[in-house]
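Here is a short set of exercises to work through with the model open beside you. Try each task before reading its solution.

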Amino acid sequence: MFKYPFYSMKKRKITSLKKFATLLLFLMPCILFAQRNTVATDGFTVTGQIKKNLTINIDDIKAVKSEHINNVVIKNHSGEAKKILKNITGVLVKELLKEMELKANNPKEFSEFYLTFVAADDYKVVYSWNEIFNSPTGNNLFLVTSENGKSLGQMEDRLLIITPTDFKTGRRHIKGLQKIVVSRVD
């Protein structure tokens, strides 16, 4: 039987298109599940190498004096601006953690501790004890209590941690803080 050349080309294009559509159909769930949605949280726990675990909720946060923070540009790892946090206030994290007692025999050992901040989507950021309690970073590590007129309970990204003095602020920009795990180096 005689086949027209354009019919054969058309059939190959349709077959290729079907293969591509099938591949896309199988990859789509992977792409969708790879997206991490920010989960707003209403409190966090502090656990690990401390004498007593702490639970800090919105009421505890509201009880600490908030400070006005200038607008903060959130920059990614390349230094590109990704977002601007406007008209924000926050409380110092070290004020929220002042009740925390490390499992240490003397203050000299405090330098061996680090805190891992864990978001609800499992994003993690590490600060040393010295960064928070013994350096200018600790005076610039905030839990945001309001953003652009929205109170803490209304914020979509609550509980939000920022360090405005970082050069690339996105690296330690934590949305939906769920827990802080205190660890000690071996």
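**Exercise 1.** Is arginine 184 buried, partly exposed or exposed?

*Solution.* Before starting, note that this is a predicted model, in which local features need pLDDT of at least 70 and side-chain atom pairs count only at pLDDT 80 or more, while totals for chains, interfaces and linings use all residues. Residues are numbered from 1 along each chain as its sequence is written, and side-chain values use heavy atoms, with hydrogens and water left out.

Step 1: recall the classes: buried is under 20% relative accessible area, exposed is over 50%, and partly exposed lies in between (1.4 Å probe, protein chains only).
Step 2: arginine 184 has a relative accessible area of 27%, so this residue is partly exposed.

**Exercise 2.** Find the salt bridge that arginine 184 forms with glutamate 109, and place both residues along the chain.

*Solution.* Step 1: apply the rule, a side-chain nitrogen of Lys or Arg within 4 Å of a carboxyl oxygen of Asp or Glu. The closest N and O atoms of glutamate 109 and arginine 184 are 3.0 Å apart.
Step 2: locate the partners, using strands (E, at least two residues) and helices (H or I, at least four) as DSSP runs numbered from the N terminus. Glutamate 109 sits in the loop between helix H3 (93-96) and S7, and arginine 184 in strand S12 (residues 177-184), so the pair links distant parts of the chain, 75 residues apart.
Step 3: check glutamate 109, which is buried at 15% relative accessible area.
Step 4: widen the view: Glu109, Glu112 and Arg184 are linked in a network of salt bridges. The model has 10 salt bridges by this rule.

**Exercise 3.** Describe the sheet that contains S12, and explain what sets its edge strands apart.

*Solution.* Step 1: strands pair if DSSP finds at least two bridges between them. The order in this open sheet of 5 strands is S2-S1-S12-S7-S8, and the pairing is mixed.
Step 2: strand S2 (54-57) and strand S8 (124-128) are at the edges; each has a single partner strand, so one side of each lacks a neighbour in the sheet.
Step 3: from one strand to the next, the twist averages 20 degrees (axes are lines fitted to C-alpha atoms, for helices over the stretch in contact, and angles run from 0 to 180 degrees between N-to-C directions).
Step 4: S7 (residues 113-119) and S8 run antiparallel, joined by 5 bridges. Leucine 115 has tyrosine 127 in S8 as its bridge partner.

**Exercise 4.** Which peptide bond is cis, and what surrounds leucine 159?

*Solution.* Step 1: the cis bond joins arginine 158 and leucine 159, with omega about -15 degrees. Most peptide bonds are trans.
Step 2: leucine 159 lies in the loop between strand S10 (150-151) and strand S11 (161-162), and is buried at 0% relative accessible area.
Step 3: list contacts (heavy atoms within 4.5 Å). Leaving out residues up to four places away in sequence, leucine 159 touches residues including Thr41, Phe44, Ile61, Leu143 and Ile174. Threonine 41 is 118 residues away in sequence, yet the C-alpha atoms are 5.7 Å apart.

**Exercise 5.** Where is pLDDT below 50, and how should you treat such a stretch?

*Solution.* Step 1: pLDDT is the predictor's confidence in each residue, from 0 to 100. The chain mean is 87, and 80% of residues reach 70 or more.
Step 2: residues 30-35 fall below 50, and this stretch has 0 contacts in the model beyond near neighbours in sequence.
Step 3: where pLDDT is low, the predicted coordinates should not be read in detail.
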